[in-house]
Each structure stands twice: as C-alpha cells, then as structure tokens.
Amino acid sequence: MVGLMFGVALGSAVVPLISIEMFVLGMCAHWPDVEFWIVGLSVAAGQVLGKLLYFFAARGDIHLPKFLHRTPSEKPSRLRRWFGPGTRVHRWGDWIHVKCRAHPNWMAGTHAVSSLVGVPPFMATSVLAGFAGMSTAMFVTTGMVGRFARFSFLAASPAVVMAWF
C-alpha cells in the first residue's frame with residue numbers, strides 16, 4: 001500500500017489532474033491501521049521527486065521536447081500585446097527575475113509555506129525555485145518537511161474524526 005501511495009503521489013506531482021489529498025483521505029479511511037507518518041513520508045517523497053522534474057526543467061538542467069516549445073506566431077496575440085516585450089508587465093517580470101537570481105534563498109520561505117499550506121500552488125513555487133536558482137538540497141529539504149507535515153496531518157485526520165464519534 002505504501003508503494004501505491006508513493007506511485008500515485010509521484011503521478012499527481014507530474015500530472016496535476018490527480019488529487020493526492022483525496023486519494024490519501026480515501027486510503028486512510030479505508031485502511032485506518034496504517035501509521036500516519038508512513039503515509040506522510042511516502043507521499044511527501046513521491047511529491048517532491050515528481051516536482052524535481054519541474055524544478056530541473058526550470059533551471060535548464062532538463063531539456064524539454066520540441067513539441068513543448070512555443071512557436072512564434074505571425075500576428076501578435078492580445079496577450080502578447082499586453083504582456084509581451086516592452087510592456088510594463090514584461091519589465092516588472094524581468095525585475096522580479098533579476099531579484100530572484102540575486103537572492104535565490106528568498107524563495108526557500110515561499111516554497112516551504114507552499115509545501116505546507118498549498119498557497120501559492122506548490123507546482124508554481126517549484127518552477128519559480130528552479131528559475132531563482134535555489135539549491136537542490138534546499139528545494140528537497142523545504143519540500144519534504146512541508147509535504148511530510150501536510151500529508152501526515154491529512155492521513156491522521158480520518159482517525160481523529162472517527163475518534164470523536
């Protein structure tokens with residue numbers, strides 16, 4: 001069962017259409033005898049391992065296939081006119097990118113909060129951590145601690161609710 005949880009967590013980290021929270025609640029409600037910390041550890045490891053793909057892709061360590069690259073269009077779209085090069089939004093994004101590169105460990109706090117609470121989204125902070133140049137050790141540490149706490153609490157919640165009734 002632990003291997004199944006790890007696999008589903010890995011899959012949900014790569015394909016965000018799978019809700020790992022609902023899966024953990026369902027599995028822990030169905031099998032209440034499994035220790036909550038084992039569930040938290042296996043799910044956290046799967047989630048962080050899956051998000052490492054996004055992290056390494058954002059850092060440029062993994063090269064994406066050609067079909068995932070953008071192709072320049074002949075006519076600029078409305079989005080490009082609002083957010084394209086030379087616009088105020090684009091200059092602001094460049095400024096943030098420079099600040100993130102200058103201080104990569106600022107992202108550690110945001111990534112830790114995201115891994116625990118889920119706001120901002122964990123996938124977004126994983127990509128931003130790669131863009132910012134955060135070290136892999138810091139990424140794995142903050143992600144594992146936050147995700148372990150989140151999913152351990154989530155795995156223990158069905159037993160706590162049933163104890164009340």
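**A buried histidine and its aromatic neighbours**

The side chains of His111 and Thr142 make a polar contact at 2.9 Å. A polar contact here is a pair of N or O atoms within 3.5 Å; within protein, one must be able to donate a hydrogen and the other to accept it, and residues adjacent in sequence count only if both atoms are side-chain atoms. The model is predicted, so local features need a pLDDT of at least 70 and side-chain atom pairs count only at pLDDT 80 or more, while totals for chains, interfaces and linings use all residues. Residues are numbered from 1 along each chain as its sequence is written, and side-chain values use heavy atoms, with hydrogens and water left out.

As for the overall layout, the protein has 8 helices and 0 strands, which gives the pattern α-α-α-α-α-α-α-α along the sequence. Helices (H or I, at least four residues) and strands (E, at least two) are DSSP runs, numbered from the N terminus. Of the 165 residues, 30% count as buried, where buried means under 20% relative accessible area, exposed means over 50%, and partly exposed lies in between (1.4 Å probe, protein chains only). Counting contacts with a separation of 6 or more, 75% come from residues 24 or more positions apart; contact means heavy atoms within 4.5 Å.

Back to the histidine. His111 sits in helix α6, which spans residues 106-117, and counts as buried because its relative accessibility is 0%. Leaving out residues up to four places away in sequence, His111 touches Phe122, Thr125, Ser126, Met134, Phe139, Thr142 and Gly143. Two names on that list, Ser126 and Phe139, come up again below.

Helix α6 also holds Ser114, which counts as buried because its relative accessibility is 0%. A polar atom of the Ser114 side chain lies 3.4 Å from the backbone oxygen of Pro121. Setting aside neighbours within four places, Ser114 is in contact with Val119, Pro120, Pro121, Phe122, Thr125 and Arg147. Pro120 is in the loop between α6 and α7 (122-132), and the peptide bond leading from Val119 to Pro120 is cis, with omega near -5°. For context, most peptide bonds are trans.

Ser126 is a residue of helix α7. Ser126 is buried because its relative accessibility is 0%. From C-alpha to C-alpha, Ser114 and Ser126 are 9.2 Å apart in space, with their positions 12 residues apart in sequence. Beyond its neighbours within four places, Ser126 is in contact with Lys51, Phe55, His111 and Phe139. That puts Ser126 in contact with His111 as well as with two phenylalanines, Phe55 and Phe139.

Those two phenylalanines lead to the aromatic part of the picture. The structure holds 2 aromatic pairs. Rings of Phe, Tyr and Trp (its six-membered ring) pair if their centres lie within 6.5 Å; planes under 30 degrees apart count as stacked, over 60 as edge-to-face and the rest as tilted. Phe55 and Phe56 form a tilted pair, 5.6 Å from centre to centre with 55° between the planes. Phe55 is buried because its relative accessibility is 0%, whereas Phe56 is partly exposed because its relative accessible area is 23%. The rings of Phe55 and Phe139 have centres 4.3 Å apart and planes at 15°, so this pair is stacked. The stacked pair links distant parts of the chain, with Phe55 in helix α3 and Phe139 in helix α8, 84 residues apart. Phe139 is buried because its relative accessibility is 0%. Phe55, Phe56 and Phe139 together form one aromatic cluster.

The helices that carry the stacked pair also pack against each other. Helix α3 (residues 36-59) and helix α8 (residues 136-164) meet at an angle of about 145°, with axes 7 Å apart. Axes are lines fitted to C-alpha atoms, for helices over the stretch in contact, and angles run from 0 to 180 degrees between N-to-C directions. The α3 and α8 crossing is right-handed, and the residues of this contact divide into 18 nonpolar, 5 polar and 3 charged. A crossing is left-handed if the near helix is turned anticlockwise from the far one by less than a right angle, and right-handed if clockwise. Ala, Val, Leu, Ile, Met, Phe, Trp, Tyr, Cys and Pro count as nonpolar, Asp, Glu, Lys and Arg as charged, and the others, Gly among them, as polar.

Finally, there is a glycine in helix α1 (residues 2-14), Gly7. Gly7 counts as partly exposed because its relative accessibility is 36%. Gly7 and Gln47 are 40 residues apart in sequence and 9.3 Å apart in space, C-alpha to C-alpha.
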